[in-house]
Amino acid sequence: MKSSRSLDKVFDEAHDDLAILVTRTRQLRRWTGIFRSHIDADLAPHCYLGNMDESSLTVYVDSAAWATRLRFQAPQLLPLLRQTNPIFSKLVSIQVKILTPGSQEPSQPSHSAGPTMNRENANGINALSNSIDDPELQQALQRLARHASE
(Lines give C-alpha, C1' and ligand atoms only; values in the text may rest on other atoms or scores of the structure.)
Protein backbone atom coordinates (compact mmCIF):
# COMPACT_ATOMS: atom_id res chain seq x y z
CA MET A 1 0.00 0.00 0.00
CA LYS A 2 1.34 3.40 -0.98
CA SER A 3 1.64 5.75 1.96
CA SER A 4 0.89 9.41 1.44
CA ARG A 5 3.12 12.05 2.97
CA SER A 6 2.12 15.59 3.69
CA LEU A 7 3.63 18.43 1.72
CA ASP A 8 5.15 19.81 4.93
CA LYS A 9 6.93 16.51 5.55
CA VAL A 10 8.33 16.49 2.00
CA PHE A 11 9.59 20.04 2.47
CA ASP A 12 11.16 19.14 5.81
CA GLU A 13 12.96 16.17 4.29
CA ALA A 14 14.20 18.07 1.25
CA HIS A 15 15.18 21.11 3.32
CA ASP A 16 15.60 24.36 1.46
CA ASP A 17 16.51 22.87 -1.93
CA LEU A 18 12.96 21.88 -2.76
CA ALA A 19 11.54 25.18 -1.53
CA ILE A 20 14.01 27.02 -3.76
CA LEU A 21 13.02 24.82 -6.69
CA VAL A 22 9.32 25.45 -6.18
CA THR A 23 9.89 29.20 -5.83
CA ARG A 24 11.96 29.29 -9.04
CA THR A 25 9.34 27.25 -10.90
CA ARG A 26 6.61 29.66 -9.85
CA GLN A 27 8.80 32.60 -10.84
CA LEU A 28 9.47 31.17 -14.30
CA ARG A 29 5.80 30.40 -14.73
CA ARG A 30 4.86 34.00 -13.86
CA TRP A 31 7.52 35.33 -16.25
CA THR A 32 6.24 32.98 -18.96
CA GLY A 33 2.81 34.58 -18.64
CA ILE A 34 4.30 38.06 -18.96
CA PHE A 35 6.41 36.96 -21.94
CA ARG A 36 3.43 35.34 -23.66
CA SER A 37 1.39 38.54 -23.34
CA HIS A 38 3.89 40.27 -25.66
CA ILE A 39 3.90 37.73 -28.50
CA ASP A 40 1.37 36.58 -31.08
CA ALA A 41 -1.58 34.76 -29.53
CA ASP A 42 -1.11 31.70 -31.74
CA LEU A 43 2.60 31.44 -30.79
CA ALA A 44 2.17 32.08 -27.05
CA PRO A 45 0.95 28.63 -25.91
CA HIS A 46 3.99 27.02 -27.54
CA CYS A 47 6.56 29.08 -25.59
CA TYR A 48 7.94 28.28 -22.13
CA LEU A 49 10.65 30.22 -20.33
CA GLY A 50 13.41 27.84 -19.34
CA ASN A 51 15.81 30.28 -17.74
CA MET A 52 16.56 33.94 -17.41
CA ASP A 53 19.73 35.50 -16.17
CA GLU A 54 20.63 39.16 -16.15
CA SER A 55 21.12 39.48 -19.92
CA SER A 56 19.74 36.36 -21.58
CA LEU A 57 16.34 34.73 -21.83
CA THR A 58 16.04 31.05 -22.82
CA VAL A 59 12.69 30.15 -24.37
CA TYR A 60 11.69 26.57 -25.16
CA VAL A 61 9.19 25.91 -27.95
CA ASP A 62 7.57 22.65 -28.94
CA SER A 63 8.55 22.52 -32.63
CA ALA A 64 10.99 23.91 -35.17
CA ALA A 65 8.18 25.84 -36.84
CA TRP A 66 7.39 27.75 -33.64
CA ALA A 67 11.11 28.30 -33.04
CA THR A 68 11.43 29.90 -36.46
CA ARG A 69 8.48 32.19 -35.78
CA LEU A 70 9.87 33.22 -32.41
CA ARG A 71 13.36 33.81 -33.81
CA PHE A 72 11.80 35.96 -36.53
CA GLN A 73 9.97 38.07 -33.91
CA ALA A 74 12.90 38.27 -31.45
CA PRO A 75 14.54 41.46 -32.83
CA GLN A 76 11.29 43.42 -32.35
CA LEU A 77 10.34 41.59 -29.18
CA LEU A 78 13.54 42.28 -27.26
CA PRO A 79 13.18 46.11 -27.06
CA LEU A 80 9.46 45.75 -26.35
CA LEU A 81 10.13 43.45 -23.39
CA ARG A 82 12.85 45.76 -22.03
CA GLN A 83 10.55 48.79 -22.21
CA THR A 84 7.37 47.29 -20.83
CA ASN A 85 8.52 45.25 -17.85
CA PRO A 86 11.38 45.88 -15.41
CA ILE A 87 12.20 42.17 -15.03
CA PHE A 88 13.28 42.16 -18.68
CA SER A 89 15.04 45.56 -18.57
CA LYS A 90 18.60 44.21 -18.93
CA LEU A 91 17.96 41.56 -21.57
CA VAL A 92 20.42 41.49 -24.44
CA SER A 93 19.45 38.24 -26.13
CA ILE A 94 16.72 35.65 -26.51
CA GLN A 95 17.83 32.06 -27.02
CA VAL A 96 15.28 29.72 -28.58
CA LYS A 97 15.51 25.97 -27.98
CA ILE A 98 13.26 23.20 -29.24
CA LEU A 99 11.64 20.55 -27.04
CA THR A 100 11.44 17.11 -28.62
CA PRO A 101 8.01 15.47 -28.70
CA GLY A 102 7.39 13.04 -25.85
CA SER A 103 10.67 13.51 -24.01
CA GLN A 104 10.16 17.18 -23.12
CA GLU A 105 13.93 17.63 -23.06
CA PRO A 106 15.95 20.07 -25.16
CA SER A 107 16.74 18.68 -28.60
CA GLN A 108 20.19 20.22 -28.51
CA PRO A 109 22.43 18.64 -25.86
CA SER A 110 24.05 20.90 -23.36
CA HIS A 111 27.81 21.09 -23.69
CA SER A 112 28.40 22.25 -20.15
CA ALA A 113 28.26 19.95 -17.17
CA GLY A 114 25.38 21.17 -15.06
CA PRO A 115 24.36 20.27 -11.54
CA THR A 116 23.21 16.71 -10.92
CA MET A 117 20.44 15.40 -8.75
CA ASN A 118 20.56 12.24 -6.69
CA ARG A 119 17.77 9.66 -6.59
CA GLU A 120 16.66 10.72 -3.08
CA ASN A 121 16.01 14.31 -4.20
CA ALA A 122 14.25 13.04 -7.33
CA ASN A 123 11.97 10.91 -5.15
CA GLY A 124 11.18 13.97 -3.02
CA ILE A 125 10.33 16.00 -6.11
CA ASN A 126 8.11 13.19 -7.40
CA ALA A 127 6.33 13.05 -4.03
CA LEU A 128 5.81 16.79 -4.16
CA SER A 129 4.45 16.61 -7.71
CA ASN A 130 1.88 14.01 -6.63
CA SER A 131 0.51 16.41 -4.01
CA ILE A 132 0.07 19.40 -6.35
CA ASP A 133 -3.22 20.21 -8.05
CA ASP A 134 -1.72 22.43 -10.78
CA PRO A 135 -1.14 20.08 -13.76
CA GLU A 136 1.52 22.26 -15.43
CA LEU A 137 3.60 22.55 -12.27
CA GLN A 138 3.08 18.85 -11.58
CA GLN A 139 4.38 17.92 -15.05
CA ALA A 140 7.34 20.29 -14.73
CA LEU A 141 8.36 18.72 -11.43
CA GLN A 142 8.04 15.22 -12.87
CA ARG A 143 10.24 16.20 -15.84
CA LEU A 144 12.79 17.61 -13.42
CA ALA A 145 12.80 14.44 -11.34
CA ARG A 146 13.61 12.37 -14.43
CA HIS A 147 17.01 14.11 -14.58
CA ALA A 148 18.30 12.31 -11.48
CA SER A 149 21.59 10.52 -11.78
CA GLU A 150 21.36 6.77 -11.38
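## Fold and a helix pair

Going from the start of the sequence to its end, this chain runs α-β-β-α-β-α-α. In other words, there are four helices and three strands to look at. Keep in mind that what you have in front of you is a predicted model.

Here are the overall values for the chain.

| Property of the chain | Value |
|---|---|
| Residues counted as buried, out of 150 | 31% |
| Contacts joining residues at least 24 apart, among those between residues at least 6 apart in sequence | 55% |
| Exposed area | about 9600 Å² |
| Share of the exposed area from carbon and sulfur atoms | 52% |

Now for the helix pair α3 and α4. Two packed helices are described by the angle between their axes and by the distance between those axes. Helix α3 covers residues 119-130 and helix α4 covers residues 135-145; their axes come within 9 Å and cross at roughly 165°. Angles over 145 degrees count as roughly antiparallel, so that is what α3 is with respect to α4. As for handedness, the α3 and α4 crossing is left-handed.

Which residues do the touching? On the α3 side they are Arg-119, Ala-122, Ile-125, Asn-126, Leu-128, Ser-129 and Asn-130, and in α4 they meet Gln-138, Leu-141, Gln-142, Leu-144 and Ala-145. Sorted by class, this contact of α3 with α4 has six nonpolar, five polar and one charged residues. The α3 list includes Arg-119, and arginine is among the residue types that count as charged.

How values were computed. Residues numbered from 1 in each chain as written. Predicted model: local features only at pLDDT ≥ 70, side-chain atom pairs only at ≥ 80, totals over all residues. Heavy atoms only, no water. Helix = DSSP H or I, 4+ residues; strand = E, 2+ residues; numbered from the N terminus. Buried < 20%, exposed > 50% of the residue type's maximum accessible area, 1.4 Å probe, protein only. Contact = heavy atoms within 4.5 Å. Areas by Shrake-Rupley, 256 points an atom, 1.4 Å probe, with all protein chains shown as cover. Axes fitted to C-alpha atoms, helices over the stretch in contact; angles between N-to-C directions. Parallel < 35°, antiparallel > 145°, perpendicular 65-115°, else oblique. Left-handed = near helix turned anticlockwise from the far one by under 90°.
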